[in-house]
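Me: I should like to examine how certain contacts and pockets in a structure earn their labels. Please set each value against its criterion and conclude from there.

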Amino acid sequence: MAFLARLGAPVRGFLEFLGDQAHLVLRTLRSGLALRAGQLAAVGGQTGLQIRFTGLDAGVLVAGTALLLGAVTLIQAFSQLSGLGAENYIGTLMVLIVLRELGPLLTAVLVIGRSSTAIAAELGAMQLNGEVDALAAHGVDPYQYLLLPRWLGVLVSVFALVVFFDAAALGGGFLVARLKYGITWAFFMASVRQALSNLDFAATLLKVFFFSGAITFHACHFGLRVQRSQTEIPQAVTRTVVSALVAVFILDGLIAALFYF
């Protein structure tokens, strides 16, 4: 019985976590649908702040990472396929490796490292200082004012950053292809367009939607669970990073299997 109890505790904890995530999502959606015209300015302002922090402030980091990734991908691919007409596979390589998988995945990892940690720490501090309860006591719905703007801000930012990441990676890949093989921009883009399909756009949009939700609500879950002391905040941040990374990798595998298996 003791063994079964030890075995059941993690399962019960995981199911409680899933239940809390579903509760946060449903309450946030319901609060969003109940928004009145007079509340749009406040929610829009908070959403704008989240977009500026998560999207605009991360632009240079994402561009630099993508540029290097695109260049390194082409260098490694050509080093393995040299002499086999590797230039004919440029589009397929860029679509398969960068646009289809690494673009959304690495963007999500960067957003987890920058923004989900900030959201968890901010909500943890607000919870500890009683600000969340104060909002509710003054008739302000925390789901409308705290969770909804962060979700919308992360969703818009992740979408924009994935597009930005893919464009920068293509730029890095083209730079290597041009310098090493003298490939023209027209040939490079024609090769990419030939390998790209509507299925890739649909899979990317689905990843953006689910990655954004996982990043935001994992951070909100652990941030709002801070109750007693400041030492809980770094613990909440660490749990947010680990949990969100696991969720993003699982979602990426499930979506890849759904679309390409």
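Me: How many salt bridges does a search of the whole structure find?

Reply: The model is a predicted one, and a search of the whole of it finds five salt bridges.

Me: What makes the contact of arginine 100 with aspartate 200 a salt bridge?

Reply: The N to O distance between the two side chains is 2.8 Å. The criterion asks for a side-chain nitrogen of Lys or Arg within 4 Å of a carboxyl oxygen of Asp or Glu, so the contact qualifies. Both arginine 100 and aspartate 200 are buried.

Me: Why can arginine 100 and aspartate 200 be said to tie parts of the chain together?

Reply: Arginine 100 belongs to helix H4 (residues 90-128) and aspartate 200 to helix H8, so the pair joins parts that are 100 residues apart in sequence. Arginine 100 has a further contact: its charged end sits over the ring of tyrosine 260, 4.1 Å from the ring centre.

Me: How do you know that arginine 150 and glutamate 122 form a salt bridge, and which helices hold them?

Reply: Their closest N and O atoms are 3.1 Å apart, and the limit is 4 Å, so the pair counts as a salt bridge. Arginine 150 lies in helix H6 and glutamate 122 in helix H4, 28 residues apart, and the pair thus links distant parts of the chain.

Me: Why is arginine 150 called buried, and why is glutamate 122 called partly exposed?

Reply: Arginine 150 has 4% relative accessibility, and buried means under 20%, so the term applies. Glutamate 122 stands at 38%, in between the 20% and 50% limits, and is therefore partly exposed.

Me: What makes arginine 228 and glutamate 232 a salt bridge, and is each of these residues buried or exposed?

Reply: The closest N and O atoms are 3.8 Å apart, which is within 4 Å, so the pair is accepted. Arginine 228 has a relative accessible area of 72%, over the 50% limit, and is therefore exposed. Glutamate 232, at 14%, is under 20% and so is buried.

Me: Which residues are linked in a network of salt bridges?

Reply: Glu101, Lys207 and Asp252 are linked in such a network.

Me: How many aromatic pairs are found in the whole structure, and why is the pair of phenylalanine 174 and tryptophan 185 called edge-to-face?

Reply: The search finds seven aromatic pairs. In the pair of phenylalanine 174 and tryptophan 185, the centres are 5.0 Å apart and the planes stand at 85°. Centres must lie within 6.5 Å and planes over 60 degrees apart count as edge-to-face, so both conditions are met.

Me: Where do phenylalanine 174 and tryptophan 185 lie?

Reply: Phenylalanine 174 is in helix H6 (residues 142-181) and tryptophan 185 in helix H7 (residues 185-195), so the pair ties together parts that are eleven residues apart in sequence. With a relative accessible area of 17%, phenylalanine 174 is buried, whereas tryptophan 185, at 45%, is partly exposed.

Me: Why is the pair of tryptophan 185 and phenylalanine 188 called stacked?

Reply: The planes of tryptophan 185 and phenylalanine 188 are 25° apart, and the centres 6.0 Å. Planes under 30 degrees apart count as stacked and centres within 6.5 Å count as a pair, so the label holds. Both residues lie in helix H7, three residues apart, about one turn of the helix. Phenylalanine 188 is buried, with a relative accessible area of 0%. Phe174, Trp185 and Phe188 form one aromatic cluster.

Me: What makes up the lining of the largest pocket?

Reply: The largest pocket, with a volume of about 480 Å³, is lined by 19 residues, of which Leu18, Gln21, Ala214, His218 and Ala247 lie nearest its centre. The lining has 15 nonpolar, four polar and no charged residues. Helices H1 (2-33), H8 (198-224) and H9 (232-260) each supply at least two residues.

Me: Which helix gives the most to the lining of the second largest pocket?

Reply: Helix H6 gives the most, with six residues. This pocket has a volume of about 330 Å³, and its lining divides into twelve nonpolar, one polar and two charged residues.

Notes: Residues are numbered from 1 along each chain as its sequence is written. This is a predicted model: local features need pLDDT of at least 70, side-chain atom pairs count only at pLDDT 80 or more; totals for chains, interfaces and linings use all residues. Side-chain values use heavy atoms; hydrogens and water are left out. Helices (H or I, at least four residues) and strands (E, at least two) are DSSP runs, numbered from the N terminus. Buried means under 20% relative accessible area, exposed over 50%, partly exposed in between (1.4 Å probe, protein chains only). A charge sits over a ring if NZ of Lys or CZ of Arg is within 6 Å of the ring centre and within 35 degrees of the ring normal. On a 1 Å grid over the protein atoms alone, a cavity is a set of points where a 1.4 Å probe fits but cannot get out, and a pocket is an open set with protein on both sides within 12 Å along at least five of seven lines; lining residues have an atom within 4 Å of a point. Grid points are joined across faces, edges and corners, and a volume is the space filled by probe spheres set on the points. Ala, Val, Leu, Ile, Met, Phe, Trp, Tyr, Cys and Pro count as nonpolar, Asp, Glu, Lys and Arg as charged, and the others, Gly among them, as polar.
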